[in-house]
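Hi,

Here is the structure I said I'd pass along. Have a look at it first, and my notes follow underneath.

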Amino acid sequence: MRSIGGATRWSSHPLGRRSVLAGVAAGGAAALTGCARGDSTAVEPGTTSLANDNATWDQGYVAAGRELKKLTGHSLRPLSNPSPTSYRQVTQISLQTTKASDMIKWASGYFLKSLARTGELSDLSTVWADYERRGWITPQTREAMSYRGSVYGIPLYESYYVLFYNTAVFRKHGLRAPGTWEEMLHNAEVLKKAGVIPFVATQNGNWPAYEWFQELVSKVDPDFYTRLTSGKALYTDPQARKALQIWQDFMRKGWMTAADFDQNNGPAALKAGRVGMFLHGSWQSQGIAATGMKPGVDFDAFVMPPVQSSTRRSVITESGVLAVPRKAASHEAAMANAANWLDPKVQKVWTDFLQDASANPRSRPGNPVIAGLKDQALREHWTLLPRYGESGPPNLIQGNTDDLGSFMTGASSPESTLRSMAGRAAEEWAAWERDEA
């Protein structure tokens, strides 16, 4: 998983000024040393340090940094912490000290808002305004990067949640990428009769439990999904009940993998034809290609169609962020790199490495599968919806993800699951508002 609050479990308390300062007071500052791969956060002329929690991306950061240096005079120097939990703690603490890195990788939405409200991130609103003027950013993504009207993050990438499929398996059974809900159900029926499990679905690792929830709710009613994830609708409303009833029906028909399926085995299962469709972030294209399957030839992808054909098309979108600590040692250089991150020349190198898409609508992905989806989304004006994992107070998302995992194992019914989620939502949205007051 790519972003904080994704594959790993997040803190049991929302991040705020009090919790961060308490961590420092408790002596957590000692954790600032010896936790990251690479050099220290000390100033190195011609570079900006980038703290992150994914060392497998270091090569990509370095390559993108070479392009940035041509524009700003400053490359990227990744500092990777192999433990996501440690990374979160160290980052929160370091923001209060002179040990802050020049830039940090973080999650969007409420994880970014939680960090921004400490007052230790730089305001990037002028950078964002320049991106909009150049046409290098989609305005509707601003909210996920903002807190109280100001921007504090620049999109690191832009992934869509899609259903990958093995083109040879589809050809063998006379199937095609579905354009309607009915066509997708037909594909599932055909695959099931042929002994192929139609869909990958799992709660293994915790966070994947909300993948099908966000998909089905948004495909039942994208406007309801927006209201639900902003605390303005109830989990017990008819749209949410309909989504879980569809989900339960899929499981009862044997259309989904076991709840404990290891999603890391998804690419291999797709290649072997054991599963028909694999719902995941478009960043998984890199993992599928690693099995030897060629994008656009051996595998392709589609975005789940709406349940009702009259409903407008939407896509769940995920993006990590780049943020600049207020106390960054090379603050001016970091701001310059943030202001040029979405330059098409930088994004070309970066997205070619990721095999995924850029948040810059003018940057065409090199991966033909992702490029085709991006083109379709822009051409048809799809509504971009934030991933569930970043769409509410962290305590709310974690607790509700646990409830969805229980539902997937059969330990709870759709009704009891939604009642539990609704009760938690009332409490956690109220707590968030109290903290904001």
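A quick word on naming before the details: helices and strands here are DSSP runs, at least four residues (H or I) for a helix and at least two (E) for a strand, numbered from the N terminus. With that in hand, His 381 is found in the loop between α15 (368–379) and β13 (383–386). Do keep in mind that this is a predicted model.

What caught my eye about His 381 is its backbone: phi is near 55°, a positive value in a residue other than glycine. His 381 is also exposed, because its relative accessible area is 67% and anything over 50% counts as exposed.

Asn 206 has a positive phi too, near 75°, and again the residue is not glycine. You'll find Asn 206 in the loop that runs between β8 (197–200) and α8 (209–220). Is Asn 206 buried or exposed? Its relative accessible area is 17%, and the cut-off for buried is under 20%, so Asn 206 is buried.

The last one is Asp 343, which sits in the loop between α13 (331–340) and α14 (344–354). Asp 343 counts as buried because its relative accessibility is 7%. Which residues does Asp 343 touch, leaving aside neighbours within four places in sequence? Its contacts are Leu 71 and Trp 136.

If you want a distance to try in the viewer, take Asp 343 and Gly 399: they are 56 residues apart in sequence, and C-alpha to C-alpha they are 38 Å apart in space.

Cheers

Definitions and conventions:
Residues numbered from 1 in each chain as written. Predicted model: local features only at pLDDT ≥ 70, side-chain atom pairs only at ≥ 80, totals over all residues. Heavy atoms only, no water. Buried < 20%, exposed > 50% of the residue type's maximum accessible area, 1.4 Å probe, protein only. Contact = heavy atoms within 4.5 Å.
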